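Here is a short briefing on one protein chain. Look at the sequence and the structure first, then read on.

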Amino acid sequence: MLAQKQHKRRHDNISKLVHWKLCCKYDMSRSEKWYEDQPEGVVENEKCKILRDMAIQCDRGIEARRPDIAVVEKGTNKAIIVDKGDHRVYEKEGEKIEKCQDLKREIGRLRGVMDLEVVPVVVGSLGVVSKRLDAWLEKLALTTRTGLTQKTALLGTARILSKLLES
């Protein structure tokens, strides 16, 4: 039970880092440091709308309709779905892209978004990342270092081990 809670916390911290970087990119309100940020489910300004851990309203029954982050750029008719995973890095990357295809098509159909992409951000519990992680983050136009993402995962794993050894 404890480990599950800590695994979710590690997952949420990596999502929080990506969300904070997106808020920086689109000039949205945020904390000074990413780890102090308390992101809301929906943040919006004149440039874009960012949804974090929110179910996307769909006309059809789509199983995977709650991505970690969805970004809709208002002026460019562009959207990005970010889904994060944390184990079996190379397998998960393909699974994340495949899992979100129905949601991608549905968002495009409902919202008239022509340019829609799924971006998998997969970081293993020991900091293992795909060789393509930098390219995926570049698609988000984020200037984050892979090392920071790995460090976030490692610190989360260290916290899990520490809690388990204490009990």
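Which residue in β3 is the bridge partner of Ile-50? The partner is Val-71. Keep in mind that this is a predicted model. The points below start with the whole chain, then move to the paired strands, and end with confidence.

**Overall layout**
- The protein chain contains 5 helices and 5 strands.
- Along the sequence, the order is α-β-β-β-β-α-α-β-α-α.
- The chain thus opens with a helix, and four strands follow before the next helix.
- A lone strand then sits between two pairs of helices.

**Burial, contacts and surface**
- The protein chain has 167 residues, and 47% of them are buried.
- Take the contacts with a separation of 6 or more: 56% of these link residues 24 or more positions apart.
- About 9,400 Å² of the protein chain is exposed.
- Carbon and sulfur atoms supply 51% of that exposed area.

**Strands β1 and β2**
- Strand β1 covers residues 42–44, and 3 bridges join it to β2.
- β1 and β2 run antiparallel.
- The two strands form a hairpin, with 3 residues between them.
- Within this pairing, Val-43 stands opposite Ile-50 in β2.

**Strands β2 and β3**
- Strand β2 spans residues 48–52 and is joined to β3 by 5 bridges.
- This pair also runs antiparallel.
- Leu-51 stands opposite Ala-70 in β3.
- Ile-50 has Val-71 as its bridge partner in β3, and Ile-50 in β2 also faces Val-43.
- β2 therefore pairs with β1 and with β3, given that two strands pair if at least two bridges are found between them.

**Cover on the strands**
- How many of the 5 residues of β2 are buried? The count is 4, so β2 is mostly covered, with buried meaning under 20% relative accessible area.
- Strand β3, residues 69–73, is mostly covered too.
- In β3, 4 of the 5 residues are buried.

**Confidence**
- The average pLDDT of the protein chain is 81.
- A score of at least 70 is reached by 88% of the residues.
- Where is confidence lowest, and where is it highest? Helix α5, residues 146–166, is lowest, with a mean of 72. Strand β1 is highest, at 93.

Definitions and conventions
Residues are numbered from 1 along each chain as its sequence is written. This is a predicted model: local features need pLDDT of at least 70, side-chain atom pairs count only at pLDDT 80 or more; totals for chains, interfaces and linings use all residues. Side-chain values use heavy atoms; hydrogens and water are left out. Buried means under 20% relative accessible area, exposed over 50%, partly exposed in between (1.4 Å probe, protein chains only). Contact means heavy atoms within 4.5 Å. Accessible areas come from the Shrake-Rupley method with a 1.4 Å probe; for residues, only the protein chains shown count as cover. pLDDT is the predictor's confidence in each residue, from 0 to 100.
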